[in-house]
Every structure is written in C-alpha cells, then in structure tokens.
Amino acid sequence: MSKTMELNIEGMTCAACSARIEKVLNRMDGVEATVNLPLETARIAVPEEMDEQLILDKIKKIGYGATIKTTPHEQVQNRRMLYRFWIAAFLSLPLLLSMVSHIPNSPVHLPWLMNPWFQFALATPVQFVIGAPFYVGAYKSLRSGSANMDVLVVLGTSAAYFYSVAEMMIHPLMPNLYFETSAVLITLVLLGKVLEDRAKQQTTGAIKSLLSLQATDAVVLEQGVERTVSLDQVQPGMQLIVKPGQKIPVDGIITTGDAYLDESMLTGEPLPAHKGTGDVVIGGTLNTNGYLTIEATKVGQETMLAGIIRVVEQAQTEKAPIQRQADRISGIFVPIVVAIALVTLAVWWWTTGSFAEAIRPAIAVLVIACPCALGLATPTSIMVGTGKGAEHGVLFKGGAQLESLQHVDAVVFDKTGTLTIGRPVVIETFGQEQALDFAAALEKKSEHPLAHAITEERDVVFDIEHFTVDPGRGVRGSIMGHDVMVGSVRMMQEHGLSLPDWTSSGATVVYVTVNGIIEAGYAIRDELKPTTKQVIQEIQQTKAVYLLTGDRREVALQLATELQIPHSHVFSDVLPIEKADHIKTLQANGQRVAMVGDGINDAPALATANVGIALGSGTDVALEAADVTLLGHDLQQVITAIRLSEQTMKNIRQNLFFALGYNAVGIPVACLGLLAPWVAGAAMAFSSVSVVTNALRLKRIPLSKGGNQS
C-alpha cells in the first residue's frame, strides 16, 4: 500500500533542480516522485508505513525547502526578488553607461565612470549582496552532486568580477575591467526571473478560476430559522437556503423550489440549466433566479468542485513522456556546458595569448546555455492546456493522457447516453395489455434506461416475487403466479424462443414472456444528441469511427447508416463485459483506440482503450475512472479534447525546438567570441520568458472550427 504526499518546493531555479530532487527521491525504496518546476510543487507516492518527515528531510538535505501542501499552491510575485532587481538595476546602470563610453564617437562620455574604484564600489554589492542567493543555490547544488542554473551564473559572473579585481590591483593605471559584465548579468538574470514568474502566474489561471467558484459561507435553515455559517461548518443532511444571485455552497439535492443554474464554469455549457425538486445541484454553480432549499449531500473535499480541482492539479503535476525526455537532457546539460566553457577558455587563451580575450567568450558560453527554457518548455504548456480544458468541462487525468490522445487513430463510441440523449421513450407497443402491465411492474425494480422508458409509458403496481436481473439481457420475476420475463433479443434466443415479426424503424424491441411464451413487446427509441452527426463527421475526417452497442444488429446498422459510419465498423449485440474484447481486437490490428462511453457501464472498455473518455454530468461523474472526463452533455467536447491534445503537443514541440535551437545556435556563437557576455545574459533571461509566453498562446487558440467555444 502507498500514500501520496503533496509538497510545495522552495529554491528551484531550473530544470536541473527539479531533476535532482526527483533523482534523489526515486532512489528511495518504494518512492515515486514527480516534481513540477513551474508550479514549484511535488507529488510523491511513498509506502504507507514511511514517515513523511523522511521525505522532507531528504529534500532539505540536498538544499531545497519543502513543506506539506495543505491548500492549492498559488504562484505569487516574489517581492524580494523584485526589490533585488530594482536595486541591482540602479547600481548597474552607471556600469552599463561605462560600456557605452567605450564606443568611438559615443554621445555618452563620462571619464569618471571609468574609474576602477567607482566600478568596484558599484559591482561589489550587486555581486555579493544581490547575488548572494545564486551563491547559496550553487553551493547547495554542488554539495548534492549536481549542477544547476545557479552554478552557471556564479561561474560566469565570478570570473568577470574577480578577474576585474585582479586587473585593478596588477594594472591600476590601464586595467581591463569586466565589472559591468558581472553586475549587468546578475541584473538581467533577475529581470528574466521577475518576468518569468509573472508569466507563470498566468498559467495557473484555471486553478484560480475554479477556486474562485467556491462559496465562503452558507445559509443554514434550522427549525425555520436562517443563520449564516462558514462553509467548513456545513455537514451532510443540513438544509441550506440559496437565494437568487448566490452560489450553491455544496453538492446537494433540491428539496423545495426551482431555478435556472449557471453551470458554465464546470461543464462548459453556456445556457443555464433548469433544476427543480429532487434534482442534484453542484457546489460552485450560480443560482440565477430562484429561491431554493437544498439538502447538503457532499461537503468539503467530497464535493464535485473539490474533485475537479484535484484532477486539474494532478494533471498539471504529472509529467508527459515527452517531458521526461527533456528532463533527462536538462540533467546532464550543465556539466556539458561547463566543459565547453573551459575548452573555449583554453582555446582562446592559447590562440590569443591573452586571458582577458579568452574570458569573455567563456563567460558568454556559461551564461547563454542555462537550461531554464528547456525545463519550462513542456510543463508550462501542459499547465495551460489542462487548465483550458477544465474551463471547457474537459478534465485530463495527466500529461501522459494529454499526449496520448493526439496519437489516437480510432474512436469507438458507445450508443446509449453517448451518441443519444440517454432518455429512451416507448414509441409503440405490441401484444396483450396484461403482459405489458406485468412488464411495466417488473421494470420498476430495474435501473436500466430502457426500464425507465417502459415505466414512464405506463405506471402499474403488482406484488413481485423472485425478482432477478440478467445483466445486459433483461429481468424476470413472478407476478400473480405467472413467470414473467422482460428482455432483449439475445435473452429470448438463449431461452429458445421464436421471435414474432415486430419491427419499428430505428427502435429496439423489448420482449415480454408470460410462462415461457412471448405475449407482448415494447418498441423503444433513443433520440440522437443535437451535435452527434456533426461530431461524427468531423472526427471521420482524420480518424476511424466505430459504434459499439448492446442493441440488436438491425437497429445498430440503421443508426450507423444515419451517421454515415461504415457497417464494417459496427459491433452490435455486445454485452458490457464483452466491450473490452472488441477494443483489444482493434488494438491487435495496430490501431490506437479512444473509447467514448458513460464511464459506468463501459468501465472495462474505457480502461482497456489507449485513452478512455467518460461522458457524464453532475455528481455521478467518476472523475478518477477515466483518462479524460467530460463534464457537460455536449458530444462536441470530444472534439474539444482531441483538438486540445493536438494543439498542446504542437505548442510543446515549438517550445522544445526553440529551447534546443536557441542553445544549438547560441553556444557556437558564444564560443566564437561573437557574443558579448551581457548580450548572452539578456538572451538567456528572455528565452525562458519566450517559452512561457508561447505556452500562454494556448489560452487564445480556438478549439472548434467555428471559433472560440463558450
């Protein structure tokens, strides 16, 4: 048995840091850790018997802070970093002007800026006071046997600073000074971090939006008296009052009243949904116009909204396979860069005979090659992608599922409740009235959608004995001494009964036997959802579509014809337990399969598919059961999920291409001495910002051909 720890991590500066923490923790027996650099969090599975303090101590031992995460982590601007940047900028500006004074015919010519002691006085506090956290981070990193961004910054700036000090002492009249290089580099790195943090805050917008939905208090009704209490005081069974304009505080059931509820933030559906007595309501949705009394059923971490927040946070923490590849590169990147810088220093020193000439390109190599952009390339896109999905009622279980969906080449649809509305109705009856009444009484004990259609068509009551359910086939029992059976074609055939010639266009016939003889039948049809045809046609442009249903062959083929699905892609008369076998058959033929079902009856098939997509709504949605959960009723969300996967992975590939290409170009240019160290610092700082900014573009990408979704 294992348990999961959620931690906030402090002190990470680049992908090498997160990779180091993961590597150290994953060496521990039974521990599996995933660290999210942008969120500065960790999700760690540990053995049930392990003391959590061991994990915290292990992380602290390698130089990072760790605390148990009790509330969703929110990125906030580090004010101290902002103050450090402004102080560094103030002290570095005269040094930057001194660089301009070197340029022939420069409009800026201030000889006092060139004074070595003046530059020393400005650069020293930047190097050792403002830059102190870099030294601390580099020391902790090296002590733990790794190398991160801090190591590169410290090596580059220290080389420039101490070389300048040595020059000032050895050649006081004509020193070669690089004080401006060290100070300006630290300032630019801090600027990059400030901008990066601000951009990263925007990637957590989905979590912030979900958290903002939570009510802070509730109005409890006790013995006819209303009183306002904080949300944590609400217990299941309490009667709550919700007035127009107020949020539903917790999940519950309406006991009196009716209203239109705005559920758009949870389901992505723009139109308010009408709710009345007996209907389930979800905490966080908005009561637009009615006066409701509800009975609380789920509170605290058991509510639907809390579950959604957990799923989104988990998806943003867990890594996609492509991210693990990038992390492996980041983990070995810094030592390689240091080696390249040393070779650059040696070659330039040997060819020019001047250490002053050699140190500039070496510093440029160290600074430009920081792996920050590479480490941020994947997680920032996944955070934005999963967040955008949540805003549209599409919940991905993790980055791996987000990545897998783009590779799917076959989509298998369940019929009832997926392609159809899920509320079948009786359109025709056959045979004897008493047998039809017997069937209606028997079906009152069944939860099957077809049973509800029969009981809505006629409401009769008989005493029933020996009631049994044959899953996927039908029900049977004894009424007034008669053995009554109600079920499908398969059930009748398995009992060796000949079927009467009862047919109805596009309908499923449920047969009724009394004492072993078929005496009646119900023709039942379930209407297609409004968007079903459009969605099927759109998916068929790029992927194969299959229909998987328990309906008889004739009904399934008629539906397939209506939806323009090839008859060879129809699996009919399939029991729930058999659905997974058909998924395995498609996979054995080399297809990568997405299964779309209701998340309950189709659970085996959803689990077997490469990607399981569960449709549902309200508190009945099994958030933990599927790879992708769709909270709304609209089948268009399947298209949304597929497009979101494709667009997010495209965005990740852009980020990785930029991050790797930036280093592939920048390092050789720096080695050749064509890049001033301060320019390299600026390029390094803004490369990370560019990657995060590109990830944020996902927020504006439309997920439907018609434009933005509501």
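Visitor: How much area does the protein chain expose, and what share of it do carbon and sulfur atoms supply?
Guide: Keep in mind that this is a predicted model. The protein chain exposes about 30,600 Å². As for the share that carbon and sulfur atoms supply, that comes to 57%.

Visitor: What percentage of the residues count as buried?
Guide: To count as buried, a residue needs under 20% relative accessible area. The protein chain has 710 residues, and its helices number 24 and its strands 26. The part of the chain that counts as buried is 55%.

Visitor: Which residues gather in a patch of positive charge on the surface?
Guide: Let's start with one of them, Lys23, which sits in helix H1, residues 15–26. Its relative accessibility is 47%, so Lys23 counts as partly exposed. The patch members are Lys23, Arg27, Lys58 and Lys61.

Visitor: Is His466 buried or exposed?
Guide: First, find His466 in strand E17, which covers residues 464–470. Its phi is near 55°, a positive value in a residue other than glycine. Most residues other than glycine have a negative phi. Exposed means over 50% relative accessible area, and at 62% relative accessibility His466 counts as exposed.

Visitor: Where is Asn515?
Guide: Asn515 is another residue other than glycine with a positive phi, near 55°. With a relative accessible area of 45%, Asn515 is partly exposed. Its place is in the loop between strand E20 (508–514) and strand E21 (517–525).

Terms used:
Residues are numbered from 1 along each chain as its sequence is written. This is a predicted model: local features need pLDDT of at least 70, side-chain atom pairs count only at pLDDT 80 or more; totals for chains, interfaces and linings use all residues. Side-chain values use heavy atoms; hydrogens and water are left out. Patches are made of residues with over 30% relative accessible area and no salt bridge: like charges are joined within 9 Å, nonpolar side chains (Val, Leu, Ile, Met, Phe, Trp, Tyr) within 5 Å. Accessible areas come from the Shrake-Rupley method with a 1.4 Å probe; for residues, only the protein chains shown count as cover. A salt bridge is a side-chain nitrogen of Lys or Arg within 4 Å of a carboxyl oxygen of Asp or Glu. Lys and Arg count as positive and Asp and Glu as negative; His and the chain ends are not counted. The place of a charge is taken as NZ of Lys, CZ of Arg, CG of Asp or CD of Glu. Helices (H or I, at least four residues) and strands (E, at least two) are DSSP runs, numbered from the N terminus. Buried means under 20% relative accessible area, exposed over 50%, partly exposed in between (1.4 Å probe, protein chains only).
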